[in-house]
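Please find below my notes on the model you sent round. They begin with one local detail and then widen to its surroundings and to the chain as a whole.

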Amino acid sequence: MSGKPVEVAGLQEGQGLDGAYLLLRVQLLNTKNGKAYGALRLGDRSGEVEAKLWDQAEELLEGLEAGAVVRASGRVESYRGKLQVVLSGLAREEGADPAAFLPASPVPVAELRAQLDAALAGIQDKNLKRLLESVFVADKEFRAAFEAAPAAKGAHHAYVHGLLEHTVSLAGLAQAIAPHYGNEIQAELLLAGALLHDIGKVAEFTLGPPIEYTDAGRLEGHVVLGVRLLDAKLSELQDFPENLAQQLRHLILSHHGLYEFGSPRR
């Protein structure tokens, strides 16, 4: 089989398979007769599928681990009403980027970047502006990580560029809602809070693959990590108003709303 690999979401019973896929799970097991076989899960940006390797399992699975990109060949079959791939060949795909096989935002990343930059340009307050520029403009390493990060492991925007998509979406809502409240609301502070509220997720998740919690994410969570990152940036800025810093901390600490939703403050 030649040409572009078939996406997992497009697999059909009886179809041949030959292409590069992400190895999401790999187990070496034994049949009732004691024969070794491989139980695997393959994936790409469109979905995931179970796979079985009945022959040469010990040899072909040696050195392979979840998160590797593999060249897989075989045939698609139906088992108990679900599709699975019966593999005839399996090998590591050298030089492939595992992140390229993870689900990604349906919105082009260039469009998301432009929306973030437009939101940043909407900030006129000098103190908010220099803070946000220190986070999203001057810190190139953070900006790259922020653009790539997922917004969750499974709840929402759980894919590459998900955090960027979620943030610019919320920033757009803040800009749309603020004018309805007139002078009752600080529009630029609200926008700054929308842009900063989930910055801790850059340290909470790995891109994997698969997407997982970091140790810091498990032990502290993105709300606490976000405030720590905010304070680190504030410490680099001279004469930043403490009352404004407190308001920004509160926006991060309270954005989950209720205590039962993991919010340190309501």
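**Notes on the model**

1. D239 counts as exposed, because its relative accessibility is 72% and the cut-off for that class is over 50%. The model is a predicted one, and every remark that follows should be read with that in mind. D239 is placed in the loop between α9 (222–234) and α10 (242–253), and its phi is positive, near 60°, although the residue is something other than glycine.

2. Which residues does R130 touch beyond those up to four places away in sequence? They are L237, Q238, D239 and F240, so that R130, which lies in helix α3, meets the residue discussed in the previous point. As for distance along the chain, R130 and F240 are 110 residues apart in sequence, yet their C-alpha atoms are 9.5 Å apart in space.

3. The side chain of R130 also has polar partners on the backbone of this stretch: one of its polar atoms lies 2.7 Å from the backbone oxygen of Q238, and a polar atom of the R130 side chain is 3.4 Å from the backbone oxygen of D239. R130 itself is partly exposed, because its relative accessible area of 26% falls between the limits of 20% and 50%.

4. N127 belongs to helix α3, which covers residues 126–136, and the side chain of N127 is joined to that of R130 by a polar contact of 3.1 Å. Is N127 buried or exposed? N127 is buried, because its relative accessible area is 12%, and the limit for that class is under 20%. With neighbours within four places in sequence left aside, N127 is in contact with D239, F240, P241 and L244; D239 and F240 are also among the residues that R130 touches.

5. A positive phi in a residue that is not a glycine is found at R80 too, where the value is about 55°. R80 sits in the loop between β4 (69–79) and β5 (82–92), and it counts as exposed because its relative accessibility is 74%. I would list R80, with its positive phi, beside D239, with its own positive value, when the backbone geometry is described.

6. L60 is placed in helix α1, which runs over residues 57–61. L60 touches L53, D55 and L90, once residues up to four places away in sequence are not counted. The C-alpha atoms of L60 and G89 are separated by 7.9 Å, although the two residues are 29 positions apart along the chain.

7. Turning to the whole chain, its secondary structure amounts to ten helices and seven strands. The radius of gyration is 23 Å, whereas a compact globule of 266 residues would have one near 18 Å, and the C-alpha trace spans about 75 × 35 × 35 Å along its principal axes. Among contacts with a separation of 6 or more, 56% are between residues 24 or more positions apart.

8. Finally, on surface and charge, 41% of the 266 residues count as buried, and the accessible surface comes to about 14100 Å², with 51% of it belonging to carbon and sulfur atoms. The chain carries 26 positive and 35 negative charges, and the mean positions of the two sets are 3 Å apart.

Notes
Residues numbered from 1 in each chain as written. Predicted model: local features only at pLDDT ≥ 70, side-chain atom pairs only at ≥ 80, totals over all residues. Heavy atoms only, no water. Helix = DSSP H or I, 4+ residues; strand = E, 2+ residues; numbered from the N terminus. Rg over C-alpha atoms; globule rule 2.2 N^0.38 Å. Buried < 20%, exposed > 50% of the residue type's maximum accessible area, 1.4 Å probe, protein only. Contact = heavy atoms within 4.5 Å. Areas by Shrake-Rupley, 256 points an atom, 1.4 Å probe, with all protein chains shown as cover. Lys, Arg positive; Asp, Glu negative; His and termini not counted. Charge placed at Lys NZ, Arg CZ, Asp CG, Glu CD. Polar contact = N/O pair within 3.5 Å; in protein donor to acceptor, adjacent residues only side chain to side chain.
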